[in-house]
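Open the model in your viewer and keep the selection tool ready. The tour goes one chain at a time and ends where the chains meet.

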Amino acid sequence: MKPEDLLDYALGQLEGPHREAIEAELAIDPAPASRADRLGFALRQLLDDGDAIEPPAGLASRTASFVTDRTSRRAILDFVPARVPFRWADVAVAAGVLMAGLLTLLPALSATRSKMNQMGCGFNLQQLGVSLASYATRHNHYPDVCTKGDVPHVGHYAVALRDEHLLRDLDSLHCPCKEKCPLSGDIGHIDYAYNVGYRQQASDRPEPVRLALPQVLPLLADQPPHDDHAILPGNSPNHGFRGQNVLFSDLHVEWFPTRHVKGDRDLFLNDHERPEPGVSPHDAALVPAVFHLAPR
Amino acid sequence: MVKALGSEAVEDLIPISDEDLFSRYRDSASPDDFNELVRRYERELFRYLARYLGNPALAEDVFQNTFLQVHLKRGLYEDGRPVRPWLYSIATHQAVDALRKAGRHPTVSLDRRVTSSGGESDPGSLVDLLVGEASGPLAELQEQERREWVTRSIEKLPETLRQTLILAYYQDMKYREIAEILKIPVGTVKSRLHAALAKLQEMARASRQDGNG
C-alpha cells in the first residue's frame, strides 16, 4: 500500500471504489492495518482539539437583520436622480467652457500658423536667392529691370529667371502669409520687392546690381504697402504689418520687424528717400514688382 | 427584502438541495430562502471561521459579512454550481480581509526548530515521521493540556497551511473542493496539508523537548 493512500485514508480523503479497495486490503493484511491505526492515532493526537465550537445563540437572526440593514441603506449614488432634466443653464456652462477653451487655443494656433508661414516665406526667398545667384554667375549681374523699351519693369526679374529656366516653381513668388492673388499675365502676382539697381546719372537707365560688388546688398524682400506711385509707411502687409523677410546677396534671409535695416536707411527707399534706383552702386532700394518706376 | 427567521415555510424548504435552494433564492430573493441558507450553514461555517480566525467575535462579524456578500452576489450564481465550495470561498476571502484589517499575519511565529518552509512533501517520510513513535510526542500531556496545545499550535501555523488543514480535517472537505475554494491545484492542496502536518509534528517534538529540558 502506498504511503500516500494510507495518509489520504487516515485523513478521510478517499471515496468510492478506491476507499473500498484500501479497506479490503487493510482487512486481510494486519501490518498495514496496524500502521493505519497508528497513523490515525497520531493524527488525532496532533489535530483533535476537542473543541465543539457552537455558534452563538441568535447568529442566524442577527445575520438576517444585518443583511437587511445593510441592503436598505442608501448609497450616495442613490441620491443622484436617474434622469436629469434639461436645463439651459447647463448648456450655457458647457458653451462657456467651450468658448474659454477656444479663446485659449485659437491665439496659440494662430501664432503657430503665422510662424510656419513666416518660415515658408523665408524658404521661398532662399529658393529665389539661389536662382538669382545662378543668373548672376552667368551674366555677372543680377536681372535687369529694363531690358525691352525704356519703361522699367521691376517684375522683369522673375521673367528673366524663368526664361533662363532658373525659376521652375512660380509659387515661390508668393508669400505664404498672404492670400494668393489670381495669376495675371504669364508670371502672375509677385509678392516680393526687388532691388532695382542704381543710376549713375539722373537720366540714365537703371543699372543692375553687379556680382563683383564686395558689399552685401539686399536683393529681395516682402514688398511694402504701396499704391501705383508711392510707397506707404509701415511694414509689409505680407505678414500682417509685423515685419518682413529680407534676402541678401550672400543668400542669407533675415526677419526684420522694421523697415530700417541698417541705421536709418529705409529698405524700400534710396539715399534720396525715394522709391527709385539707388544713386550709387552701393545704394539699394527694393521696389514692389508692379510699382510704376518712371524713366528719367 | 430579508427578514428575521421564524417563518413557518422554512420547514417546507429542507428537502430541497442547496443548489436548487440557491437558484430559487437568486431568482426570487425570498427572505425565507435566505434564512434557510443561513440556517443550513450556520454551524459549520461559524466553526470554520472561528478556528481560522481564532476569535469568535471576529468570526461572527465575518460570518455576517459573508452572507451579506452572498446576498449581494446572488446574481452571479450559476445553476448547478456546488454551493458549499462557493460559500466557503466567499467566507475565506472575507476572513483573509478581516485578518488583514486586524493586522494579523501570524505566519512567522513558529518554533525555532521548525525551519523548513515547504514542510514534509514526501508522503512516505511524513507517514514515517507520524508513526515513528508508538505513543507520540504529546502522549505525556493530560488530555486537556494536549487539546490546548493543539489549539495554540494550529493558530501558529502559516495562514495558507492553516486554511488547508482546517478545511481538510475539521470541515471534512475533499481535496478537489479545497482546490476550488482556494483557487489552487489539487497537488498544492496535498503538499500544503502534508507541510502542515509535518510542522505540527515537529512543533510537538520541540514542545516535548522543551518540557523535558
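Start by colouring chain B on its own. Chain B holds 10 helices and 0 strands. Its pattern along the sequence is therefore easy to follow: α-α-α-α-α-α-α-α-α-α. Keep in mind throughout that this is a predicted model. Of the 213 residues in chain B, 40% are buried. Among the contacts in chain B with a separation of 6 or more, 70% are between residues 24 or more positions apart.

**Stop 1: helix α2 of chain B**

Select residues 18-28 of chain B, which form helix α2. Which residues of this helix are buried? They are Leu21(B), Phe22(B), Ser23(B) and Tyr25(B). Now step past the end of the helix. Ala29(B) follows α2(B), and its phi is positive, near 55°.

**Stop 2: α3 and α4 of chain B**

Select residues 31-53 and 56-72 of chain B, which are α3 and α4. The axes of α3(B) and α4(B) come within 9 Å, and they cross at roughly 140°. An angle over 145 degrees would count as roughly antiparallel; α3(B) and α4(B) are therefore oblique to each other. The crossing of α3(B) past α4(B) is right-handed.

Show the side chains where the two helices touch. From α3(B), the contact takes Phe34(B), Val38(B), Leu45(B), Phe46(B), Leu49(B), Ala50(B) and Leu53(B). From α4(B) come Pro56(B), Leu58(B), Ala59(B), Val62(B), Phe63(B), Phe67(B) and His71(B). What classes of residue make up this contact of α3(B) with α4(B)? There are 13 nonpolar residues, 1 polar and no charged.

**Stop 3: chain A as a whole**

Switch to chain A. This chain has 6 helices and 7 strands. From the N terminus on, the order of elements is α-α-α-α-α-α-β-β-β-β-β-β-β. Chain A has 296 residues, of which 31% are buried. For contacts in chain A with a separation of 6 or more, 59% involve residues 24 or more positions apart.

**Stop 4: the sheet of chain A**

Look for an open sheet of 5 strands in chain A, with the order β4-β3-β2-β1-β7 and antiparallel pairing. Which strands stand at the edges? They are β4 (253-256) and β7 (286-287) of chain A; each has a single partner strand, so one side of each is left without a neighbour in the sheet. As background, strands of a sheet pair through backbone hydrogen bonds.

Next select β3 of chain A, residues 244-248. Strand β3(A) pairs with β4(A) in the antiparallel sense over 4 bridges. Within this pairing, Asn245(A) is opposite Trp255(A) of β4(A).

Bring in the long selection of residues 88-139 of chain A, helix α5. This helix packs on the sheet and touches β1 (192-195), β2 (218-222), β3 and β4 of chain A. The direction of α5(A) makes about 20° with that of β3(A).

Return to β3(A) and look at its other partner. Strands β2(A) and β3(A) run antiparallel and are joined by 3 bridges. Leu220(A) has Leu247(A) in β3(A) as its bridge partner. Is β3(A) largely enclosed or largely open? Buried residues make up 4 of its 5, so β3(A) is largely enclosed by the rest of the structure.

Then follow the chain from β3(A) into β4(A). These strands form a hairpin with 4 residues between them, where Leu251(A) takes a positive phi near 75°.

**Stop 5: where the chains meet**

Show both chains together. How many residues does each chain give to the contact? Chain B gives 42 and chain A gives 33. On the side of chain B, the elements that give two or more residues are α3, α4, α6, α7, α8 and α10 of chain B. The most comes from α3(B), with 10 residues. By class, this side of chain B has 24 nonpolar, 7 polar and 11 charged residues.

For the last selection, pick helix α3 of chain A (residues 30-47) and α6(B), whose axes come within 9 Å and cross at roughly 75°. The two helices α3(A) and α6(B) are therefore roughly perpendicular to each other. In α3(A), Arg35(A), Arg38(A), Leu39(A) and Ala42(A) meet Val127(B), Leu130(B) and Val131(B) of α6(B). This contact of α3(A) with α6(B) has 5 nonpolar, no polar and 2 charged residues.

Notes:
Residues numbered from 1 in each chain as written. Chains lettered and ligands numbered in written order. Predicted model: local features only at pLDDT ≥ 70, side-chain atom pairs only at ≥ 80, totals over all residues. Contact = placed C-beta atoms within 7 Å. Nonpolar A, V, L, I, M, F, W, Y, C, P; charged D, E, K, R; others polar. Buried ≥ 20, exposed ≤ 12 C-beta atoms within 10 Å, placed from the backbone. Pairing = 2+ DSSP bridges. Axes fitted to C-alpha atoms, helices over the stretch in contact; angles between N-to-C directions. Parallel < 35°, antiparallel > 145°, perpendicular 65-115°, else oblique. Left-handed = near helix turned anticlockwise from the far one by under 90°.
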